[in-house]
Amino acid sequence: MRISHLRPDVSQLTPDQKQLWETCQGMEQAFLQILLKQMQATVQNGLFPKSLQRDIYEDMHRQTLAEQMAKSGDVGLASMLYRQLQQQLTTQHNNPTE
């Protein structure tokens, strides 16, 4: 089941809304990167011994994978976060408190 239909249409967003959307995607990417790192930590040592080079490679791989996952929209965390924050911003804009 794909949930990409929940994503906002970026071509119709104002510059502020685009910035909020990009920030939400960044938050999703950071969350996914942490999630992937914790998942990988549960796996026993692989074929290659632990080294600084392997750690750097694994970090770069996780970062790229998390970025691709966030941009695909299949996880949906950015979409949910965007909708919630956009709703709060709209409410604040329409009903300012002093």
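**Close-up views of a three-helix chain**

**View 1. Helix H2 spans residues 52-72.** In this predicted model, helix H2 has 21 residues, and its first and last C-alpha atoms lie 30 Å apart, close to the 30 Å expected at 1.5 Å a residue. Just after H2 comes Gly 73, with a positive phi of about 80°.

**View 2. Helix H2 has a buried face.** Look here for Arg 54, Glu 58, Arg 62, Ala 66 and Ala 70, the buried residues of H2. Seen down the axis of H2, these residues fall within an arc of 125°, so they line one face of the helix. A little background helps with this view: an α-helix has 3.6 residues a turn, so residues three or four places apart point the same way. Helix H1 (15-41) is included in what covers the buried residues of H2. Turn to the face of H2 that points away from its buried side, and you meet the exposed residues Gln 53, Tyr 57, Gln 68 and Lys 71.

**View 3. Helix H1 carries buried residues of its own.** The 27 residues of H1 should span 39 Å at 1.5 Å a residue, and this agrees with its end C-alpha atoms, which are 39 Å apart. Along H1, the buried residues are Gln 17, Leu 20, Trp 21, Cys 24, Gln 25, Glu 28, Gln 29, Leu 32 and Leu 36. Their cover includes both H2 and H3.

**View 4. Trp 21 and Tyr 82 form an aromatic pair.** One aromatic pair turns up when the whole structure is searched. Its partners, Trp 21 and Tyr 82, meet edge-to-face, with 5.8 Å from centre to centre and 90° between the planes. The pair links distant parts of the chain: Trp 21 sits in helix H1 and Tyr 82 in helix H3 (residues 77-94), 61 residues apart. Both Trp 21 and Tyr 82 are buried.

**View 5. The close-ups can now be placed in the whole chain.** Here you can find three helices and zero strands, and reading along the sequence gives the pattern α-α-α. Of the contacts in the chain with a separation of 6 or more, 81% are between residues 24 or more positions apart. The chain has 98 residues, and buried ones make up 23% of them. On the outside, the chain exposes about 7,800 Å², with 58% of that area supplied by carbon and sulfur atoms.

Terms used
Residues are numbered from 1 along each chain as its sequence is written. This is a predicted model: local features need pLDDT of at least 70, side-chain atom pairs count only at pLDDT 80 or more; totals for chains, interfaces and linings use all residues. Side-chain values use heavy atoms; hydrogens and water are left out. Helices (H or I, at least four residues) and strands (E, at least two) are DSSP runs, numbered from the N terminus. The expected span of a helix is 1.5 Å times one less than its number of residues. Buried means under 20% relative accessible area, exposed over 50%, partly exposed in between (1.4 Å probe, protein chains only). The arc is that of the directions from the helix axis to the C-beta atoms. Contact means heavy atoms within 4.5 Å. Rings of Phe, Tyr and Trp (its six-membered ring) pair if their centres lie within 6.5 Å; planes under 30 degrees apart count as stacked, over 60 as edge-to-face and the rest as tilted. Accessible areas come from the Shrake-Rupley method with a 1.4 Å probe; for residues, only the protein chains shown count as cover.
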